[in-house]
Amino acid sequence: MTRKSASREDIAVLARVAGLDFAPKYFDELVEAYRNIEPMLWRLRQGRSRADEPAHVYDPRKFMPKD
Amino acid sequence: MDHAAPKSIGNSSQLTELSIVELKTLYAAKSLSPVDVTEATLKRIEDVDANLHSFITVTSDAARTAAKESEARYRAGTPIGPFDGIPFALKDNVETAGIRSTSHSKLLFDNVPTEDAHVAARLKAAGGILIGKTSTFEFALGGPSWDLPFPPALNPWDTKHLPGGSSSGSGAAVAARLVPAAIGTDTGGSVRWPAAVCGIAGLKPTYGRISRRGVHPNTFSHDHCGPMTRTVADCAVMLGAAAGYDAYDPGSIDEPVPDYGAALTGSVAGLRIGLVTNWYREDAAPEVTAAVDAAIAVLKGLGAHVAEIKLSPLSNYIDAKTTISLSELYAIHEKDLKERPEDFGYLLRTRVMAGGLIRAEDYVQAMRWRTELATEMMAEFRRFDVLATAGWLTPAEPADPDGVDFFKKRQVVTMPFSLAGIPALSVPCGFSPGGLPLAFQIAGRPFDEATVLKAGDAYQRVTDWHTRKPPIA
């Protein structure tokens, strides 16, 4: 499948959704940063079986009062 | 090398040459006082560290007080244990009561905690003498950076090079004989990378073995604390003092702490080693490959059984871990990023920003990928006692302020064992033609630090890489 890199406008939308309202200098940094992680995210978005568990365990005993 | 043999001690520089194992032997024999060793340590830092920048804060007064208390215990014949009287440093992302703890960041420039981190409290309770706080990449991630309130640490083997990171100051300080022991933190390799390129031993224990409470978070799901020392035998002593269950750390696991020193038998006869070759033979500098293969040959010569294996490509572990890390990092720093972005160094700021654009479903998919990759790796422990591979794929990098690069494309060979959360030890195994240290890693089953340490110690008993001193020392 052909991938199309996010445009500055696309990244601006993502930033707005994330509540990031940067000055132009920092927005340029954000675009640079996203360009670096975008290929990684493409590689990550692979098909998985429904039952594949994340490596995350919640142990409710850990949150009991200690005394 | 017999690591218990006392050296002739004539002056203060010789005192800073002593290992933990040697110090405790001499203390117990009343041949040496923790007060003298502490004074020698402080003097050495004063003499040398202006060239290394390994310490952010030196706690001279508190160290002298602790040293006198330790001396009194030895005089009374009541030392607390093998870590009593041992000078040590803490990475500056470890909180210390009454002592500034900055994570090398302007964001925490004036942060003076009221409580010790669990690991700091344990080491002090074991009689350790806190000498100071060491430099790091900003919040154990953004570095090496020249735009922070403190300069980056430099490598004592060649100060035109860096000591790796993020536990950069801890690695440099131990290698330069400023302290015999330091605590680093390791999320993707931050104990083992500096250990590898500084020529010391560094252990990332099992996730949950040493408490993270009071340590500034980098990635909750991957953060570890670990000992950094000049020898593997010293790592065993420091781990024994630092490890233990902490009911207040949700990631802490209640497993007994064995006597790691007792595991160091010197024998690896029959030990089954799975050598993961595809993580280094394809990408490492040629001198790294040669040194790692030679180290494995030494273990084979001692009676270990070695088989070469391949696991998933390194890039898979890096993609999964980086996605998880950036997501968690953003959650940690979102407020500061929005309110005071100018107070971050460039490297940390851009990483945190990137995390803000990762979708929740990407984070979960990365955690599912972690399960897959860890399960694949753990299956190898059906047929092997330990896995081995390179410690780092290159010698130390040049210290180049103009070479700062967002997401520098490093092949982070330490990351698979971070993702798996298993104990992994970096052991020096040679030098580059330019005189910079090289290392290999040994990793074991969860909570089987003892076997990992045993293998590393057996290697050091018949090699001398770890005894070589950097020019600055």
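This tour visits the interface of chain A and chain B, then strand 11 of chain B.

The model is predicted, with local features requiring pLDDT of at least 70 and side-chain atom pairs pLDDT 80 or more, while totals for chains, interfaces and linings use all residues. Residues are numbered from 1 along each chain as its sequence is written, chains are lettered from A and ligands numbered from 1 in the order written, and side-chain values use heavy atoms, leaving out hydrogens and water.

**The interface**

Select both chains: 33 residues of chain A are in contact with 39 residues of chain B (heavy atoms within 4.5 Å). The buried area, meaning accessible area (1.4 Å probe) lost by two parts on being put together and summed over both, is about 3100 Å², with 61% from carbon and sulfur atoms. Next select Leu44(A), Arg48(A) and Lys62(A), which supply 20% of the area that chain A buries against chain B, more than any other three residues.

Then display Arg45(A) and Asp362(B), a salt bridge whose closest N and O atoms are 2.5 Å apart; the rule is a side-chain nitrogen of Lys or Arg within 4 Å of a carboxyl oxygen of Asp or Glu. Four salt bridges are counted between the two chains.

**Strand 11 of chain B**

Move to residues 437-444 of chain B, a strand (a DSSP run of E, at least two residues). Eight of the eight residues are buried (under 20% relative accessible area, 1.4 Å probe, protein chains only), so strand 11 is largely enclosed by the rest of the structure.

Finally, centre on Phe440(B): Ala390(B) stands opposite Phe440(B), as does Val427(B).

Methods:
Buried < 20%, exposed > 50% of the residue type's maximum accessible area, 1.4 Å probe, protein only. Helix = DSSP H or I, 4+ residues; strand = E, 2+ residues; numbered from the N terminus. Pairing = 2+ DSSP bridges.
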